Amino acid sequence: MPFLFQRQNGAIGSKIFNPGTIQKMIARRCEDLAETHLGFRGLKFTPHDFRRIFATELVNSGLPIHIGAALLGHLSIQTTRGYVAVFDEDVIRHYQAHLHQRRQVRPSEEYRDATEQEWTEFEEHFDRRKVELGSCGRPYGTPCQHEHACIRCPMLHVNPKMLARLTELEADLLQRRAQAEAEGWIGEIEGIDLTLTFLRAKRDETQRRAQRPAVHLGIPARRRPQESE
């Protein structure tokens, strides 16, 4: 395999630099640069850092990471992933390039500006998701699949403030079930039992969420590089 750091050694040919020699050369160069660029003061490089820079340049230039792993001799892609440095501008640039490529193969009418009617319909969808017991989590553009039987719907997110209302609904269902038993309405009893099962499950889940303590994540702050003295 070719070596990056070589020198001509007379008639003998090329000779490989000793890693310690390279490290001393880089250290001297950093000391020289520190006179005008304070960020190099106290900075230490190792020959292995060039391997990481090489891997980063390959992947950020578009080479698939598994190809980079093969070039570096890594048996696992995860090892190569640890070598690669990802910068914010690289993420944005590659994402924008991805969007541009995807839009080239999609019909242009899909990227036109939304009309006033479409925006109104979009906003009304979220207004319609507000129901008595909380909010409906069905996606945009989909109708209610349970014919507004919210208690049975897995998309219903119960507001903890409506737990008392669930208790009232349970009492009403139990009263209806007692009447169905007295009248012999077997089909009605099965439907009420199913609704009671969903109601109690949603109540238990809502009570667990209400008792779960909130976790304060704080507001992320951007770290500013410390000024070199």
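**Exercise 1. Is Arg-165 buried, partly exposed or exposed, and which residue does Arg-165 pair with in a salt bridge?**

Let's work through it on this predicted model.

- Step 1: Look up the relative accessible area of Arg-165, which is 28%.
- Step 2: Compare that with the cut-offs: under 20% is buried and over 50% is exposed, so a value in between means partly exposed. Arg-165 is therefore partly exposed.
- Step 3: Now find the partner. Arg-165 makes a salt bridge with Glu-168, and their closest N and O atoms are 3.1 Å apart.
- Step 4: Check where the two sit. Both belong to helix α7, 3 residues apart, or about one turn of the helix.
- Step 5: Do the accessibility check on the partner too. Glu-168 comes out at 49%, so Glu-168 is partly exposed.

**Exercise 2. Which salt bridges link helix α7 with helix α8? Find two.**

- Step 1: Start with Glu-170 and Arg-200, whose side chains meet in a salt bridge at 2.8 Å, N to O. This pair joins distant parts of the chain, with Glu-170 in α7 and Arg-200 in α8, 30 residues apart.
- Step 2: Compare their surroundings. Glu-170 is buried, at 13% relative accessible area, whereas Arg-200 is partly exposed at 34%.
- Step 3: Go to the next pair. Arg-177 forms a salt bridge with Asp-193, with 2.5 Å between the closest N and O atoms. Here Arg-177 is in α7 and Asp-193 in α8, 16 residues apart.
- Step 4: Sort these two by accessibility. Arg-177 has 22% and Asp-193 has 28%, so each one counts as partly exposed.
- Step 5: Zoom out a little. Glu-170 and Arg-200 also belong to a salt-bridge network that takes in Arg-203. Searching the whole structure gives 7 salt bridges.

Why can such pairs form at all? Side chains with opposite charges can pair when their charged atoms come close.

**Exercise 3. Which elements give two or more residues to the largest nonpolar core?**

- Step 1: List some members. The core has 10 residues, among them Leu-133, Ile-151, Val-158, Leu-173 and Leu-196.
- Step 2: Match the core to the elements. Those giving two or more residues are β5 (156–158), α7 (163–183) and α8 (186–211).
- Step 3: Pick one core residue and look around. Leaving out residues up to four places away in sequence, Leu-196 touches Glu-170, Leu-173, Leu-174 and Arg-177.
- Step 4: Look for another core. There is a second, separate one of 5 residues, including Ala-55, Leu-72, Tyr-83 and Val-84.

**Exercise 4. In what order do the strands of the open sheet stand, and which ones are at the edges?**

- Step 1: Write down the order: 3 strands, β3-β4-β5, with antiparallel pairing.
- Step 2: Count partners. β3 (130–131) and β5 each have a single partner strand, so each has one side without a neighbour in the sheet and stands at an edge.
- Step 3: Take a closer look at β3 and β4 (residues 134–136), which pair over 2 bridges. Lys-130 has Ser-135 in β4 as its bridge partner.

**Exercise 5. Which residues form a nonpolar patch on the surface?**

- Step 1: Name them: Trp-119, Phe-122, Phe-126 and Tyr-140, which together have about 390 Å² of accessible area.
- Step 2: Place one of them. Phe-122 lies in helix α6 (residues 116–128).
- Step 3: Classify Phe-122. With 32% relative accessibility, Phe-122 counts as partly exposed.

Technical notes: Residues are numbered from 1 along each chain as its sequence is written. This is a predicted model: local features need pLDDT of at least 70, side-chain atom pairs count only at pLDDT 80 or more; totals for chains, interfaces and linings use all residues. Side-chain values use heavy atoms; hydrogens and water are left out. A nonpolar core is a set of buried Ala, Val, Leu, Ile, Met, Phe, Trp, Tyr and Cys residues joined through side-chain atoms within 4.5 Å. Buried means under 20% relative accessible area, exposed over 50%, partly exposed in between (1.4 Å probe, protein chains only). Helices (H or I, at least four residues) and strands (E, at least two) are DSSP runs, numbered from the N terminus. Contact means heavy atoms within 4.5 Å. Two strands pair if DSSP finds at least two bridges between them. Patches are made of residues with over 30% relative accessible area and no salt bridge: like charges are joined within 9 Å, nonpolar side chains (Val, Leu, Ile, Met, Phe, Trp, Tyr) within 5 Å. Accessible areas come from the Shrake-Rupley method with a 1.4 Å probe; for residues, only the protein chains shown count as cover. A salt bridge is a side-chain nitrogen of Lys or Arg within 4 Å of a carboxyl oxygen of Asp or Glu.
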